[in-house]
Amino acid sequence: MSLAANARRRFRIPRPVLIGGGIVLVFLAIFAACQMRPKPPAEPYRFGAVERGDVTRAVSASGSLQALITVDVGSQISGLVTRVLADFNDNVRAGQTLAVIDPQTFQSRVAQSLADINAGEAQVRQAQATLANAEADFARKKTLVDQGISSPAVLDQATAALGVARANLAAARARVGQSQATLRIQRADLVRTTIVSPINGVVVDRKVEPGQTVAASFQAPVLFTIAQDLSKVEVRISVDEADVGQVREGQAVRFTVDAFPDDAFTGVVTQVRKQPTTTQNVVAYTVIAEADNPARMLLPGMTANADIIIDVRRNVLKIPATALRWTPPAPPRRGPDNADAKPAAPPPTRAPPSADGMRPGTVYVVRDDAPKAIAVRVGATDGTVVEVVSAELKAGDQVILGGGPKAGPRGFGGGPPPSVRARLGE
């Protein structure tokens with residue numbers, strides 16, 4: 001065999017290697033084709049309309065409903081409750097009997113005080129008779145002493161006796177006055193055995209049952225709670241310290257309650273209390289508002305989700321607040337592979353600070369198939385829409401809220417650069 005034939009046999013590529021190499025080349029070709037394939041269209045822009053209308057700025061907080069006037073009706077005396085004449089939700093009038101405490105003990109005390117007065121008055125009459133006798137004795141002895149018949153010592157004794165008689169009469173009268181004062185106290189306690197309503201209102205709580213013993217040794221126990229006139233309610237709103245500086249008396253309040261989520265109620269701020277409350281290191285202040293409740297739908301204790309209206313900007317230009325947060329992606333660097341890329345939009349001219357408290361901002365609109373920056377002045381917001389002032393925007397314009405092409409590693413929007421796509425015939 002010749003040397004050339006031996007060399008060809010020595011360097012012959014095995015068949016399995018050829019097959020493996022072919023498979024690898026096929027995968028590389030598929031991968032390259034996927035990389036060269038046109039990318040799907042960029043995500044479309046999402047737009048929001050520029051409108052003219054009202055923008056309301058508010059402080060949101062939660063609170064609870066209370067009656068304008070709530071009175072706790074208690075007992076000043078101790079005793080056994082024999083009757084309860086009012087129940088939950090009863091409408092009561094001032095002076096109406098709510099409950100009765102057993103009066104027998106107090107009736108006995110009144111009778112005893114009357115007897116003491118009678119005994120005292122008898123002592124007064126006795127002292128008056130003694131005084132009259134002493135006065136007559138003094139007059140007789142004074143005449144005898146003046147005539148020289150009796151010694152002056154006799155007159156001294158008569159004078160002393162007259163003074164004692166007068167003192168005894170004064171003491172008897174004082175005891176009668178003391179007994180009369182005690183009688184007034186006992187009669188007052190007897191009257192207090194009948195628990196009456198101090199106001200017109202509705203019984204919202206009852207804490208007593210017939211047969212219960214009331215102990216009023218140290219403080220008056222509460223038997224009933226009465227809410228006056230539920231045609232108006234009080235909203236107690238807990239406002240964070242960061243927002244309370246904006247709250248003033250007379251501001252409008254809008255609120256809802258969980259019991260009627262589809263109904264909106266309105267009120268007016270009547271008081272901003274200066275006493276803080278601290279819960280888990282969070283400082284808040286109580287704001288009081290009054291609201292009408294003609295249908296009696298609102299009940300004490302309901303939770304209120306309130307918005308205190310700080311300011312209302314009427315008939316202003318407004319846009320969705322998200323428009324101020326959107327910015328276009330950074331354009332690709334210009335180079336030999338993407339020389340046909342569009343230049344970046346010029347940076348916006350920032351609006352100067354305004355004397356009315358408005359701050360500068362930027363929104364984008366589409367001009368010539370590219371986002372264009374518009375400088376605006378930003379005013380009041382309710383969290384959803386925001387007031388803007390701009391000479392370049394008018395009602396009906398569309399501002400960009402989101403979407404649009406994304407910057408990728410191979411160019412603006414991803415995929416191969418424009419020059420490469422042109423060579424591929426895309």
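In which handedness of crossing does helix 3 pass helix 4? In this predicted model, helix 3 passes helix 4 in a left-handed crossing. The two elements span residues 104-146 and residues 152-191, respectively, and they pack at an angle of about 165 degrees. Their axes are 7 Å apart. Because angles over 145 degrees count as roughly antiparallel, helix 3 is described as roughly antiparallel to helix 4. The residues that form the contact of helix 3 with helix 4 comprise 22 nonpolar, 12 polar and 12 charged residues.

The helical pair belongs to a protein with five helices and 19 strands. Of the 426 residues, 32% are buried. Among contacts with a separation of 6 or more, 74% link residues that are 24 or more positions apart.

The largest nonpolar core contains 23 residues, of which Leu-65, Ile-237, Val-239, Val-253, Phe-255 and Ile-308 touch the most other members. Two or more residues of this core are contributed by each of strand 2 (51-74), strand 9 (222-240), strand 10 (252-257), strand 11 (260-279), strand 12 (282-292) and strand 13 (303-320). A second core, separate from this one, has 18 residues, including Val-92, Leu-98, Val-203 and Val-208. In general, nonpolar side chains of soluble globular proteins tend to be buried together.

The surroundings of Val-253 illustrate the packing in the largest core. When neighbours within four places in sequence are left aside, Val-253 is in contact with Ile-237, Phe-265, Thr-266, Gly-267, Val-269, Ala-289, Ala-306, Asp-307 and Ile-308. Two of these partners, Ile-237 and Ile-308, are named with Val-253 among the core residues that touch the most other members.

Val-100 is located in strand 5 (residues 97-101). With a relative accessible area of 10%, Val-100 is buried, since the cut-off for burial is under 20%. Beyond residues up to four places away in sequence, Val-100 touches Leu-80, Val-81, Thr-82, Arg-83 and Thr-193. Leu-80 lies 20 residues from Val-100 along the chain, and the C-alpha atoms of these two residues are separated by 8.6 Å.

Ser-197 occupies the loop between strand 6 (194-196) and strand 7 (201-206). Despite this loop position, Ser-197 is buried, with a relative accessible area of 2%. Outside its neighbours within four places in sequence, Ser-197 is in contact with Val-92, Arg-93, Ala-94, Gly-95, Gln-96, Leu-98 and Ile-226. Val-92 and Leu-98 are also among the residues of the second core.

A further buried loop residue is Trp-326, which is found between strand 13 and strand 14 and has 10% relative accessibility. Residues up to four places away in sequence not being counted, Trp-326 touches Tyr-45, Tyr-364, Pro-371, Ile-400, Leu-401, Gly-402 and Gly-403. The C-alpha atoms of Trp-326 and Val-363, which are 37 residues apart along the chain, are separated by 7.4 Å.

Positive phi values were also examined. Asn-315, although not a glycine, has a positive phi of about 55 degrees, and this residue lies in strand 13. Asp-369, likewise not a glycine, has a positive phi of about 60 degrees. Asp-369 is placed in the loop between strand 14 (359-367) and strand 15 (370-381). With a relative accessible area of 68%, Asp-369 is exposed, whereas the loop residue Trp-326 counts as buried.

Notes
Residues numbered from 1 in each chain as written. Predicted model: local features only at pLDDT ≥ 70, side-chain atom pairs only at ≥ 80, totals over all residues. Heavy atoms only, no water. Core = buried A, V, L, I, M, F, W, Y, C linked by side-chain atoms within 4.5 Å. Buried < 20%, exposed > 50% of the residue type's maximum accessible area, 1.4 Å probe, protein only. Helix = DSSP H or I, 4+ residues; strand = E, 2+ residues; numbered from the N terminus. Contact = heavy atoms within 4.5 Å. Axes fitted to C-alpha atoms, helices over the stretch in contact; angles between N-to-C directions. Parallel < 35°, antiparallel > 145°, perpendicular 65-115°, else oblique. Left-handed = near helix turned anticlockwise from the far one by under 90°. Nonpolar A, V, L, I, M, F, W, Y, C, P; charged D, E, K, R; others polar.
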